[in-house]
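Let's take a stroll through this structure, strand by strand. Have a look at it first, and then we'll get into the details.

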Amino acid sequence: MPAEPALTPLHDAVANDSRADAAAAPEPADFRKAMAEFATGVTVVTALDGGEPVGFACQSFASVSLDPPLILFCADRRGRSWPRIRSAGRFCVNVLGEEQRDLCERFGSSRGTKFEGLDWEESRWGAPALPDVLLAVHCVVHDVHEAGDHEVVIGRVLAVDRHEVVDGAWRRPMVFFRSRFGVGEPDAPIAPDPWGIGDRWGWG
């Protein structure tokens with residue numbers, strides 16, 4: 001009778017696969033450049049912490065569930081605003097229209113006071129609502145999951161405010177693609193730092 005083949009313990013096989021996968025994984029700079037091939041919208045996540053408004057620009061935003069209504073965004077664990085938003089417990093995801101690059105640049109920067117000189121109002125759900133955004137999604141923090149150098153935040157939606165029409169004209173969303181604002185516009189200027197580095201995953 002032929003000898004049975006030796007079996008590799010499952011945990012050893014998994015460990016070997018993990019080491020091989022890690023060795024083949026892209027470097028952070030290469031991964032950032034690759035992810036720039038995925039066009040995204042642009043949002044600003046805001047909250048009130050101790051009565052003070054805080055917020056940051058974020059591309060990583062998506063719907064999760066219709067019933068119950070849930071959304072997610074990803075926040076850099078090193079950022080200054082996200083810990084304060086988590087502490088506040090309530091937040092607003094402000095989806096920007098294509099003409100709102102000033103808001104994008106204001107909240108995409110780690111420098112300066114983001115709300116200084118800005119006309120904003122506190123929503124009845126207790127978070128800053130930015131002026132004239134395409135969509136405002138009012139939420140409470142439902143769950144948070146650690147994921148590498150970021151955290152995946154699940155928000156339970158309390159209400160939405162839509163502003164897709166202004167003066168009878170449909171508005172277009174802000175789109176970020178290949179380090180530029182807009183799609184199909186090869187001559188569009190490179191986004192200013194820090195947007196020009198290729199992504200805004202949720203730091204600020």
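## Strands side by side

Start with Phe 73: its bridge partner in β10 is Val 153. That link belongs to a bigger pattern, since strand β5 (residues 69-76) pairs with strand β10 (residues 150-162) in the antiparallel sense, over 7 bridges. Keep in mind that what you're looking at is a predicted model.

β10 also pairs with strand β9 (residues 135-147), again in the antiparallel sense, and here there are 12 bridges. For one spot to find on screen, try Val 141, which stands opposite Gly 155 in β10.

## The turn between β9 and β10

How many residues sit between the strands in the hairpin of β9 and β10? There are 2 residues between them, and in this hairpin Gly 148 takes a positive phi near 65°.

## Two oddballs in the loops

Here's a rule of thumb: most residues other than glycine have a negative phi, and most peptide bonds are trans. Now for a couple of spots that go the other way.

Asp 132 isn't a glycine, yet its phi is positive, near 60°. You'll find Asp 132 in the loop between β8 (128-129) and β9. Is Asp 132 buried or exposed? Its relative accessible area is 60%, and the cut-off for exposed is over 50%, so Asp 132 counts as exposed.

The other spot is the peptide bond from Asp 67 to Pro 68, which is cis, with omega near 5°. Pro 68 is found in the loop between β4 (61-66) and β5.

Key: Residues numbered from 1 in each chain as written. Predicted model: local features only at pLDDT ≥ 70, side-chain atom pairs only at ≥ 80, totals over all residues. Heavy atoms only, no water. Pairing = 2+ DSSP bridges. Helix = DSSP H or I, 4+ residues; strand = E, 2+ residues; numbered from the N terminus. Buried < 20%, exposed > 50% of the residue type's maximum accessible area, 1.4 Å probe, protein only.
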